[in-house]
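Thanks for making time, everyone. Please look at the sequence and the model on the screen, and I will walk you through it.

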Amino acid sequence: MSSPQPLPSIDIGGNLLDGMYQGVYHGKTKHSPDLDNVLARARLYGVMSVLVTAGTLSEAKEALKLVRTEEKKGGSNIDRVPVSSSSSIILPKFLYSTVGVHPTRCNELEDGGEDYLRELLSVAIEGSSTGHIVAIGECGLDYDRLKFCPKEVQKRWFERHFELANKTGLPMFLHNRNTAGDFVEMIRANRERFSEGVVHSFDGSSEELKELLELGMYIGVNGCSLKTEENLKVMSQIPLDRLMIETDAPWCEIRRSHAGFKYVKTKFDSVKKERYDPTSNESLCVKGRSQVNECQENYLCYYFHDTSTGNYCHHSARMLLLLLVLLTMRG
């Protein structure tokens with residue numbers, strides 16, 4: 001199978017604040033900052049917009065600053081992008097951001113209490129008024145990493161994020177890991193308090209997928225969604241009008257050990273971080289670091305099975321544009 005031409009796409013989840021984009025890995029500097037190179041490659045491969053995810057109050061402020069800085073540098077879109085054969089949208093910005101607290105970091109909310117929550121709301125209102133902040137999150141539940149934050153603390157503050165969504169009218173960017181039904185139960189109990197939502201980095205069961213779809217959720221898929229043959233079977237059941245694609249960069253790459261790796265038909269030139277020089281190797285990726293440009297060719301065309309035809313579908317690319325459509329809707 002030959003590589004397809006770049007299609008317009010959106011990466012619905014990129015951790016662009018991560019230290020790796022400043023050249024820092026596990027506290028040690030390996031190369032100079034290269035975020036500008038990463039974003040340039042993303043554009044080259046057809047990525048029209050990236051949603052920059054925040055996991056704390058300080059990150060929400062930093063992400064908002066980043067998207068505004070990028071806009072001032074000329075990081076805006078002027079092209080009309082097709083959503084279907086009869087409609088299209090204009091994505092006025094290249095970067096957008098979120099406001100919320102990651103479940104593993106809810107101890108910050110526990111310590112800061114109502115003042116912290118009020119400041120989150122203030123940032124969300126101010127940033128959404130200018131069209132830069134477009135979702136509440138990343139928020140949810142993560143029972144795989146309870147060592148960082150206890151279950152009851154996560155649940156208590158996840159509940160309060162629905163309040164933020166209700167007050168702002170923003171959709172939700174959601175996190176769910178091994179929650180034994182608690183996540184779905186909380187979504188169901190609070191479904192009338194938020195307009196739309198995407199469960200990002202989904203790796204759940206067929207039953208969990210069914211429940212989330214019945215609640216009107218969109219499903220975000222990245223490399224962590226494609227580790228096993230069972231994962232692939234579940235992901236193939238996502239309706240195309242509910243499918244969204246993300247990299248979760250710099251995390252969640254598709255590794256050789258993943259079941260989904262056999263469907264990767266493209267390769268990006270890369271180099272080890274110790275040998276990487278952003279000033280002379282602008283076109284190279286860092287080996288082992290997921291890149292937002294990978295959203296285009298690695299994910300779009302090879303993983304998602306169209307059950308009506310039995311083929312892996314190219315037109316799933318257009319489903320990526322739905323997020324920015326719903327994000328421009330206020331309730």
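I will start with the whole chain, then take a helix, some aromatic rings, a pocket and a few backbone details.

First, a caution. This is a predicted model. Please keep that in mind throughout.

Now the overview. The chain has 331 residues, and 58% of them are buried. Its secondary structure comes to nine helices and 16 strands. What about contacts along the chain? Take those with a separation of 6 or more: 76% of them are between residues 24 or more positions apart.

Next, helix H1. It covers residues 35-44. Which of its residues are buried? They are Leu 35, Asn 37, Val 38, Leu 39, Arg 41 and Ala 42. Note that Asn 37 and Arg 41 are on that list. What do these buried residues pack against? There are two strands to find early on the screen, S4 at 47-52 and S7 at 95-99. Then add helix H2, residues 57-72, and strand S14, residues 285-286. After H1 comes Gly 46, with a positive phi near 90 degrees.

On to the aromatic rings. The structure holds three aromatic pairs. One of them joins Phe 158 and Phe 162. Their ring centres are 4.8 Å apart, the planes meet at 45 degrees, and the pair counts as tilted. Where do these two sit? Both are in helix H4, residues 151-168. They are four residues apart there, so about one helical turn separates them. Are they buried or exposed? Phe 158 is buried, at 1% relative accessible area. Phe 162 is buried too, at 0%. Ring pairs also bring in Phe 183 and Phe 194, giving a cluster with Phe 158 and Phe 162.

Two other rings have a charge over them. Over the ring of Tyr 143 sits the charged end of Lys 151, 4.7 Å from the ring centre. Over the face of Tyr 218 lies Arg 242, and here the distance to the ring centre is 4.2 Å.

Now the largest pocket. Its volume is about 960 Å³. How many residues line it? The count is 37. Nearest the centre lie Asn 15, Arg 145, Asp 248, Trp 251 and Cys 252. What classes make up the lining? There are 16 charged residues, 12 polar and nine nonpolar. Strands S8, 133-142, and S9, 172-177, each give at least two residues to this lining.

Stay with S8 for a moment. Glu 138 is in that strand. The peptide bond leading into it from Gly 137 is cis, with omega near 15 degrees. A cis bond also joins Ala 249 and Pro 250, where omega is about 10 degrees. Pro 250 belongs to the loop between strand S12, 243-245, and strand S13, 270-271.

Last, two positive phi values in residues other than glycine. Asn 178 has phi near 50 degrees. It is in the loop between S9 and helix H5, residues 182-189. Ser 201 also has phi near 50 degrees. Its loop runs between strand S10, 197-199, and helix H6, 206-214. Which of the two is buried, and which exposed? Asn 178 is exposed, at 54% relative accessibility. Ser 201 is buried, at 2%.

That is the tour. Over to you for questions.

Terms used:
Residues numbered from 1 in each chain as written. Predicted model: local features only at pLDDT ≥ 70, side-chain atom pairs only at ≥ 80, totals over all residues. Heavy atoms only, no water. Phe/Tyr/Trp six-rings, centres within 6.5 Å; stacked < 30°, edge-to-face > 60°. Buried < 20%, exposed > 50% of the residue type's maximum accessible area, 1.4 Å probe, protein only. Lys NZ or Arg CZ within 6 Å of the ring centre and 35° of its normal. 1 Å grid on protein atoms, 1.4 Å probe; cavity = no way out; pocket = protein on both sides within 12 Å on 5 of 7 lines; lining within 4 Å. Points joined across faces, edges and corners; volume = space filled by probe spheres on them. Nonpolar A, V, L, I, M, F, W, Y, C, P; charged D, E, K, R; others polar. Contact = heavy atoms within 4.5 Å.
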